[in-house]
Amino acid sequence: MKVRHETADGGRIRLLAWYEPTPEAVARARKDVAAVCLTDTPNVDQLVVMTSELCSNVVAHAHTEFRVKLRDAGRWLHLSVTDRDRATAGLSARTTPELLSASGRGLLLVNGFADSWGWRVSGFGKTVWVRVPKDVNGNAGSPRRFDPSSVGNRS
């Protein structure tokens, strides 16, 4: 289910959808984010990569249904992925994976692309969120340069 409406703080919900914990659902979430951002978001590719990473983590670790929410809030785009698992182990980009490891780099990408990111736990589960700046024309800003020294939870 996709919903577009105004929020209490004046932001506009671009996407609000629930998905099953499957690889196909991750692909669907990527497509949904791209579809609502394609015409006015210069860094849509970064949002799609972050969506893919956060949703893939739910499928691989939480194994629960998940919600993707993309909100347009003035100077920022807020992307959040909520699952029904309260565990936060592994939610840090502070560790560097082994050179030949096949996984473990996703949150490093999120850390590099997002202006800020973090997570919160509630009675329902956990939400991992990212914030991407917008330029003065109301579009998402140009891609940030990745600074490896900034790796970590910047909530």
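Which residue is the bridge partner of Ser-116 in E5? The legends below walk through this predicted model, and the last view comes back to that pair.

**View 1. Helix H2 is a run of 19 residues.** Start with H2, which covers residues 44-62. From its first C-alpha to its last, H2 reaches 26 Å, close to the 27 Å you'd expect at 1.5 Å a residue. Now look just past the end of H2: there His-63 takes a positive phi of about 60 degrees.

**View 2. Helices H1 and H2 pack together.** Two packed helices are described by the angle between their axes and the distance between the axes. Here the partner of H2 is H1, residues 23-37, and the two pack at about 155 degrees with their axes 9 Å apart. Angles over 145 degrees count as roughly antiparallel, so H1 is roughly antiparallel to H2. Their crossing is right-handed. On the H1 side, the contact includes Pro-23, Val-26 and Ala-29, while Leu-47, Val-48 and Thr-51 are among the residues H2 brings. Sort the contact by class and you get 11 nonpolar, 3 polar and 1 charged residues.

**View 3. Helix H3 also packs against H2.** H3 is made of residues 106-113. The axes of H2 and H3 come within 9 Å and cross at roughly 145 degrees, and this crossing is left-handed. From H2, look for Gln-46, Val-49, Met-50, Glu-53, Leu-54 and Asn-57; from H3, find Gly-106, Leu-107, Leu-109, Val-110 and Phe-113. By class, that contact has 7 nonpolar, 3 polar and 1 charged residues.

**View 4. Five strands make an open sheet.** Read across the sheet and the order is E1-E2-E3-E5-E4, with antiparallel pairing. Strands of a sheet pair through backbone hydrogen bonds, either parallel or antiparallel. E1 (12-19) and E4 (116-121) sit at the edges, each pairing on one side only. On average, neighbouring strands are turned by 15 degrees against each other, direction ignored. Helix H1 turns up again here: H1 lies across E1 and E2 (66-73), running at about 165 degrees to E1.

**View 5. Strands E4 and E5 form a hairpin.** There are 4 residues between E4 and E5. E5 spans residues 126-133, and 6 bridges join E4 to E5, with the two strands running antiparallel. Back to the opening puzzle: Ser-116 has Arg-131 as its bridge partner in E5. You can pick out another pair too, since Gly-118 is bridged to Trp-129 of E5.

Notes: Residues numbered from 1 in each chain as written. Predicted model: local features only at pLDDT ≥ 70, side-chain atom pairs only at ≥ 80, totals over all residues. Heavy atoms only, no water. Expected span 1.5 Å × (residues − 1). Axes fitted to C-alpha atoms, helices over the stretch in contact; angles between N-to-C directions. Parallel < 35°, antiparallel > 145°, perpendicular 65-115°, else oblique. Left-handed = near helix turned anticlockwise from the far one by under 90°. Contact = heavy atoms within 4.5 Å. Nonpolar A, V, L, I, M, F, W, Y, C, P; charged D, E, K, R; others polar. Pairing = 2+ DSSP bridges.
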